[in-house]
Number of protein chains: 2
Amino acid sequence: MAKSNKIYLDYAASFSANPSSIHSFGVDAKKKLARARKEVAGVLGGRSEEIIFTSGGTESNNLAIQGAALAWRGKGFPHIITTNIEHPSVLETFKLLDKRKLAQISIVSVEKNGIVDPKKIKKEIKKNTILVSVMYANNEIGTIQPIREIAKEIRHWNKQNLFSYVLFHTDAVQAVNYLDLNMERLGVDLLSFSGSKIEGAGKVGVLCKKKSVLLSKIFGGGDQEMGLRPGTENLPEILKFSKALQFTQKVKEKETKRLTKLRDYFFAKLFNLKNKNQNFRAGLAGVGDPENRGPEKISDFYFSINGDLKNRLPNNVNITFPNIPSDLLVIELSARGIMCSSKSACKSGDGKASYVIKAINKNISEEDGSLRFSLGRDTTKKDIDYTIKALSEILTKLKKWYD
Amino acid sequence: MAKSNKIYLDYAASFSANPSSIHSFGVDAKKKLARARKEVAGVLGGRSEEIIFTSGGTESNNLAIQGAALAWRGKGFPHIITTNIEHPSVLETFKLLDKRKLAQISIVSVEKNGIVDPKKIKKEIKKNTILVSVMYANNEIGTIQPIREIAKEIRHWNKQNLFSYVLFHTDAVQAVNYLDLNMERLGVDLLSFSGSKIEGAGKVGVLCKKKSVLLSKIFGGGDQEMGLRPGTENLPEILKFSKALQFTQKVKEKETKRLTKLRDYFFAKLFNLKNKNQNFRAGLAGVGDPENRGPEKISDFYFSINGDLKNRLPNNVNITFPNIPSDLLVIELSARGIMCSSKSACKSGDGKASYVIKAINKNISEEDGSLRFSLGRDTTKKDIDYTIKALSEILTKLKKWYD
């Protein structure tokens with residue numbers, strides 16, 4: 001005898017109830033899945049049938065980009081456009097499609113402040129362009145892209161070219177906790193994000209796709225997720241994900257305000273180190289002004305802030321220290337109990353400079369190290385104070401070592 | 001202040017520790033992941049670096065099949081072979097590759113007992129054949145395929161054809177709890193399975209690939225999983241999965257014996273219904289003998305057992321009732337608290353007869369219903385007794401209704 005005095009003789013379907021089964025356990029699972037789908041759709045201002053659950057952000061981005069390219073029925077190659085600071089799950093997917101001769105690609109460079117110029121995107125659009133993919137907020141430098149403005153340019157092009165339609169996709173993985181996710185207001189056709197940046201949400205990805213958008217599936221298999229994503233849905237994780245997402249939206253405004261303050265406190269502390277420690281001579285000059293950003297001096301080391309200071313995620317602090325390897329800084333901080341990163345974890349540990357930092361700073365060398373501090377729900381002012389103190393100690397120590 | 005008196009400032013990487021991060025949380029996560037990988041490799045008699053964690057069985061099968069086809073560097077199409085009763089994640093992937101002109105496919109029919117003839121597989125192999133994919137045990141009718149014999153035929157072909165190499169892949173999703181998973185003994189190059197059929201294992205897929213096998217990745221993205229599967233690893237689920245898998249292997253022998261007995265008790269009860277209820281006149285004649293399998297008579301309804309009785313998973317019972325819709329039987333049983341299924345959940349609810357049952361019984365019509373009872377860790381003799389009783393009641397009721 002099994003679960004709740006019922007006899008479960010469907011172990012071959014799955015150990016927990018499978019939403020595709022037609023017995024009462026399956027029907028119950030199906031109802032729960034439908035409710036979660038509706039809740040997630042609500043956050044994006046979409047409809048239930050527009051939500052595709054996947055295994056994570058990487059799969060969601062792949063499904064949007066590969067799915068659009070594979071759906072192409074025209075002659076020659078479909079053409080797709082993105083920027084040079086996208087997450088690897090977008091940028092590498094573009095390169096994969098190019099290499100496999102499934103698409104022609106254009107990669108637009110962002111400006112020195114880490115923000116893309118919508119006009120430059122528009123300039124790349126041609127008759128066979130089917131998709132523009134621009135991330136909502138960058139995972140390394142936290143810059144927020146002008147999604148609404150890019151959408152406007154694309155809309156304009158689409159209006160003037162009745163026989164083609166350019167889709168607009170945004171990778172909103174880093175935006176989910178802080179920015180507006182309403183697809184109508186953003187003007188996007190496809191939006192992907194995941195649970196991995198949401199506390200308690202687990203490993204679930206979402207691709208929201210406007211009903212009119214035609215995608216091809218990547219995997220062969222069952223008929224789940226509107227036929228676009230085969231495989232039994234990860235119901236327990238999807239339920240956790242939806243609940244955590246709702247909570248995130250509820251605290252979004254308050255958390256955004258709190259973290260913006262903390263982040264700016266972090267920046268201010270960085271520049272004020274000189275008041276506490278005579279070794280440091282940092283100044284605010286040039287910061288936030290991409291044309292005039294010289295590296296700031298800390299101790300005898302210089303540092304510069306990466307990415308626009310205003311159009312930036314409330315939880316992101318990213319700085320470059322010339323001539324100090326990133327990994328050394330991360331490990332020194334880790335030894336002091338502080339966990340931060342040098343760049344995207346998806347590309348970490350290879351000892352190379354971040355391609356995002358290189359994209360916004362042409363003078364950077366492979367020896368220059370960057371640090372990303374990303375704040376979250378548990379971060380306090382005390383944490384920042386402790387981190388600044390540790391950073392000051394490490395830089396002083398390294399200075400001696402270098403001298 | 002955050003987790004365990006450490007300051008976590010890497011929220012942009014992920015809310016839980018990311019095995020790709022180089023700080024101490026990341027290093028700790030990396031160690032745990034490496035341990036789980038080693039444990040899983042141990043079960044398959046493989047090496048850690050041969051284990052690729054995916055989101056589930058569907059993705060594992062896709063990565064094996066699409067991955068092999070995409071790695072093809074020869075002229076023309078690569079050729080791949082499978083059977084007509086594979087899981088949709090294999091069969092539909094074959095059809096997808098065919099449709100997209102990425103592969104030429106051969107689908108070999110199984111015999112009436114649901115088992116494929118290894119000689120027929122060998123007959124299909126040609127100069128451009130790169131892969132044979134045959135499931136270890138069928139998800140609907142539970143038949144166990146002669147993997148070792150097929151491997152022998154392929155080995156033989158490979159020895160005689162020095163300039164080509166045919167890979168052998170098996171989908172072992174349904175086999176994981178009961179059958180030998182040692183890849184060396186099985187003679188396979190690629191083996192996929194998932195956590196969804198293992199109690200407490202969660203949604204994790206594995207593809208084990210012999211080191212010499214060259215695959216191309218499906219997703220663009222980060223460098224995780226030997227560069228073959230981008231996306232942050234689902235560490236919490238992978239740890240649960242590995243633990244549950246170990247336990248499964250420990251109880252495998254005992255559970256196999258126990259369930260084989262229960263399954264055979266189920267079959268015996270089915271045939272002995274006539275002793276308890278004069279309405280039933282079932283007999284054992286013809287069962288297990290594919291050439292002589294006539295439908296057995298239950299009440300005024302006939303029934304037949306699907307799939308070989310001997311080479312069969314210890315937990316699978318599958319019967320066809322001509323002229324009674326599957327869904328009706330599933331719902332009637334569900335109303336009595338018994339959860340079973342009509343066919344693969346991945347293809348359920350469309351009201352069509354199962355393609356697996358059609359493959360082994362050419363005389364079956366769309367109106368004939370099949371039931372799959374799959375037993376598991378909680379199943380008892382009492383459950384079987386109750387199920388037989390319920391089935392008898394339902395058939396009697398339906399007989400009156402039909403009369």
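**Two chains and their shared interface**

In this predicted model, strand β1 (residues 7-8) of chain A is joined by 2 bridges to β12(B), and the two strands run parallel. Within this pairing, I7(A) has I338(B) as its bridge partner in β12(B). The pairing of β1(A) with β12(B) thus crosses from one chain to the other, and it offers an entry to the wider contact between the chains.

That contact takes 77 residues from chain A and 77 residues from chain B. On the side of chain B that touches chain A, the elements giving two or more residues are the helices α1 (24-44), α2 (57-70), α3 (88-99), α8 (326-335) and α10 (381-402), together with the strands β1 (7-8), β12 (338-339) and β13 (369-374), each of chain B. Among these, α3(B) gives the most, with 6 residues. By class, this side of chain B is made up of 34 polar, 27 nonpolar and 16 charged residues.

The arrangement of the two copies follows from their superposition. Chain B is brought onto chain A by a rotation of 180°, with 0.0 Å of shift along the axis and an RMSD of 0.0 Å. The copies are therefore related as by a two-fold rotation axis. Of the residues of chain B, S55(B) comes closest to this axis, its C-alpha lying at 3.0 Å. The interface itself reflects the relation: 100% of the interface residues of chain B are also interface residues in chain A, so the copies meet through the same surface.

Within chain A, helices α2 and α3 can be examined as a pair. Helix α2 (residues 57-70) of chain A packs against helix α3 (residues 88-99) of chain A at an angle of about 35°, and their axes are 9 Å apart. The crossing of α2(A) and α3(A) is right-handed. From α2(A), the contact draws on G57(A), T58(A), N61(A), N62(A), I65(A), Q66(A) and A69(A), while α3(A) supplies S89(A), V90(A), T93(A), F94(A) and L97(A). The contact of α2(A) with α3(A) has 7 polar and 5 nonpolar residues, with no charged residues.

At the level of the whole chain, the domain assignment divides chain A into domain 1 (3-249) and domain 2 (252-402). Between them, 25 residues of domain 1 of chain A are in contact with 23 residues of domain 2 of chain A. The side of domain 1 of chain A that touches domain 2 of chain A comprises 13 polar, 8 nonpolar and 4 charged residues.

Note on methods. Residues are numbered from 1 along each chain as its sequence is written. Chains are lettered from A and ligands numbered from 1 in the order in which they are written. This is a predicted model: local features need pLDDT of at least 70, side-chain atom pairs count only at pLDDT 80 or more; totals for chains, interfaces and linings use all residues. Copies are superposed by least squares on the C-alpha atoms of residues with pLDDT of at least 70 in both. Two residues are in contact if their C-beta atoms, placed from the backbone, lie within 7 Å. Domain bounds come from an automatic or database domain assignment. Ala, Val, Leu, Ile, Met, Phe, Trp, Tyr, Cys and Pro count as nonpolar, Asp, Glu, Lys and Arg as charged, and the others, Gly among them, as polar. Axes are lines fitted to C-alpha atoms, for helices over the stretch in contact, and angles run from 0 to 180 degrees between N-to-C directions. Helices (H or I, at least four residues) and strands (E, at least two) are DSSP runs, numbered from the N terminus. A crossing is left-handed if the near helix is turned anticlockwise from the far one by less than a right angle, and right-handed if clockwise. Two strands pair if DSSP finds at least two bridges between them.
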